[in-house]
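Subject: Structure handover

Hello,

Here is the structure I said I would pass on. Please look through it before reading my notes underneath.

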Amino acid sequence: MKKRFFSLLLACSVVLLSGCSDWEDTQQDSVFQTLQEYYGVKNNADDTSTSLSFFALPYYVGQTADPITCTDGAQQVLGTLLYEGLFALTPQLEPQPLLAESCTYDAASFTYTITLRSGITFSDGSELTARDVVYTLQRAQSSIRYGARLADMASISGSGNQVYLRLSNNNAAFTARLDIPIIKYATGDWTFPVGTGPYYHLHDSSGSHLAVNGSWWQKKELPLQRIELVRCKGSDTISYAFYAREIQLMMCDLTATSTSSVYGSGDYTDAATTTMQYIGLNTLRAPLNDPALRNALSLGVDRSSCVSSFLLGHGSTAQFPLSPASPLYPRHLEYTYSPDYFDRAMAAVGYSTGTSVPLTMIVNAENTFKVSAAQKVAGDLSRHDLQITVRVLPWNEYVLALQSGNFDLYYGECKLTADWDLRSLLHTGGTMNYGGYSNPETDALVQTVLSAEESQRADAIESLCMQLQQQHPILPICFKDISVLLPSGAVESITPTAANPFYDLPSWDIDIQK
């Protein structure tokens, strides 16, 4: 849903997915004066009569736009216009075929056979083949950005328009991980690798810009024939460029910590992500080794207040570890928050006796939103015998405490994959299973979710969620949103996704004068 922000000091370190930002109430600071001189433009951010004769995006001069290795932020946003994946995630976080025409899965051999669409060419006119896909995904598997996502890819090969991808684990929903942008073979070292997207990069006498890819296979009419590129040195200059209306779009996380600011007004539209915030519990320590107590604590978390107060509404409450944006989310299993329910549950498990039971919750100091949310949750859960103290730790100390199990509870955040693979978080010995939870039934249900055929996935997820309601090894709070910022009234019909602010770009209705 598109919403407006009016004359707010909007702090945005412009990054895609893992970006940082904050809302502040202070006035325009000295960085604007410096950046105004850098751009050489007048401050007209408060002049609503100013019209635009172009649509522009920022880019980092001299940095690669290779979607596999580039930094988060401006180059990643550009990449959504230049490159496409085998599949794309919808706003509901479901995979839909893009460069892939069809896909079959052999559960016996853990092998996907992907058939590429015929007639797809890169922006230079060359044909897309399996060699390009194999080249890209092999690079992605060894990259920082996509390495963990493709860890289960045991091998990949192909010829012509057929790609064969074999896994090391049974996963019938692996296509949700294959929205990785595909580039042309052997162009990964280029500043702008060759892609199949609706635009391509062009540098001529008029400067750097994105031009329409005349050979784009989708052949849909685009609302912008040319997109200007504004050179920026970093997130500060990007933020000021939006403030000064030099650029017309930013994608940022409005609930992270930042040092850059933008003053002005505009519209924002949120997109659901797979990033979950939750309370982790040390199930190896008393009293949190008791599932009955963990279940009672889940009733005491006021998730709606956390989202509205500390995520500023940029998220959705969740009682299970998959996004509520997904049609697979079992809303019918949710319970209504009530302090009275929590009081009765704590009394039922014997923790309303008036005896103090001290516990410690750790949280990362670098994000003030998380610190505030942790303090809110700790206060709500301390209405009875449990007295939870929040310990705010620098990132390195926080990670060390998690890895050593030196905590009772922790306020955590993790980015899940859209196939809802929960092995690292809930499986015995999982890499993010810091609370030491171990349950053979849960292990089996987690794997069943992965291996279930499409027609069986909803039932498999429901069974897992019912099990988690009995065990509560973690207490999910919400899934965060990512925000796309645009000038007020300039664009209608925008439906961004977590990875692509330009999702369904041909449907955009752009009023360039606004």
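The notes below go through the sheets, the helix packing and two backbone details.

Please keep in mind that this is a predicted model.

Sheet 3-14-13-12

One open sheet has four strands in the order 3-14-13-12, and its pairing is mixed. Its edges are strand 3 (56-60) and strand 12 (199-204), each of which pairs on one side only. From one strand to the next the twist averages 35°.

Going through the sheet in order, strand 3 and strand 14 run parallel and are joined by five bridges. Within that pair, Y59 is opposite R231 of strand 14. Strand 14 in turn runs antiparallel to strand 13, with three bridges between them. Here A211 has R226 in strand 14 as its bridge partner. Strand 13 (residues 207-212) is also antiparallel to strand 12, and six bridges join the two. A211 appears again in this pair, since Y200 stands opposite A211 in strand 13. A211 is thus placed opposite Y200 and is also the bridge partner of R226.

Helix 2 (residues 74-82) lies across this sheet, over strand 3, strand 12, strand 13 and strand 14 (226-232). The direction of helix 2 is at about 120° to strand 3.

Sheet 7-8-10-9

Another open sheet, also of four strands, has the order 7-8-10-9 with antiparallel pairing. Strand 7 (100-106) and strand 9 (153-159) are the edge strands, pairing on one side only. Ignoring direction, neighbouring strands here are turned by 15° against each other on average.

At one edge, strand 9 pairs with strand 10 (residues 162-167) in the antiparallel sense through six bridges. S157 has Y164 in strand 10 as its bridge partner. Helix 3 (residues 130-141) lies across strand 8 (111-116), strand 9 and strand 10. Relative to strand 9, helix 3 runs at about 160°.

Strands 18 and 19, with helix 8

Strand 18 (residues 357-364) and strand 19 (residues 386-393) are parallel and joined by eight bridges. I362 is placed opposite R391 in strand 19. Together with helix 8 (residues 368-381), these two strands form a right-handed β-α-β unit.

Helix 8 also packs against helix 6 (residues 303-310). Their axes come within 10 Å and cross at roughly 150°. An angle over 145 degrees counts as roughly antiparallel, so helix 6 and helix 8 are roughly antiparallel to each other. Their crossing is right-handed. Helix 6 contributes S305, C306 and F310 to the contact, and helix 8 contributes F369, S372, A373, K376 and V377. By class, this contact has five nonpolar, two polar and one charged residues.

Helices 5 and 12

Which way does helix 5 lie relative to helix 12? Helix 5 (residues 291-298) and helix 12 (residues 457-471) pack with their axes 7 Å apart, at an angle of about 105°. Angles of 65 to 115 degrees count as roughly perpendicular, and helix 5 is therefore roughly perpendicular to helix 12. On the helix 5 side the contact is made by P291, R294 and N295, and on the helix 12 side by Q469, Q470 and Q471. The residues of this contact divide into one nonpolar, four polar and one charged.

Backbone details

Most residues other than glycine have a negative phi, and most peptide bonds are trans. Two places depart from this pattern, and they may be worth a look in the viewer.

The peptide bond that joins A286 and P287 is cis, with omega at about 5°. P287 belongs to the loop between strand 16 (262-281) and helix 5.

F110 is not a glycine, yet its phi is positive, at about 55°. F110 sits in the loop between strand 7 and strand 8, two strands of the sheet with the order 7-8-10-9.

Regards

Key
Residues numbered from 1 in each chain as written. Predicted model: local features only at pLDDT ≥ 70, side-chain atom pairs only at ≥ 80, totals over all residues. Heavy atoms only, no water. Pairing = 2+ DSSP bridges. Right-handed = clockwise from strand over helix to strand, strands pointing away. Axes fitted to C-alpha atoms, helices over the stretch in contact; angles between N-to-C directions. Parallel < 35°, antiparallel > 145°, perpendicular 65-115°, else oblique. Left-handed = near helix turned anticlockwise from the far one by under 90°. Contact = heavy atoms within 4.5 Å. Nonpolar A, V, L, I, M, F, W, Y, C, P; charged D, E, K, R; others polar.
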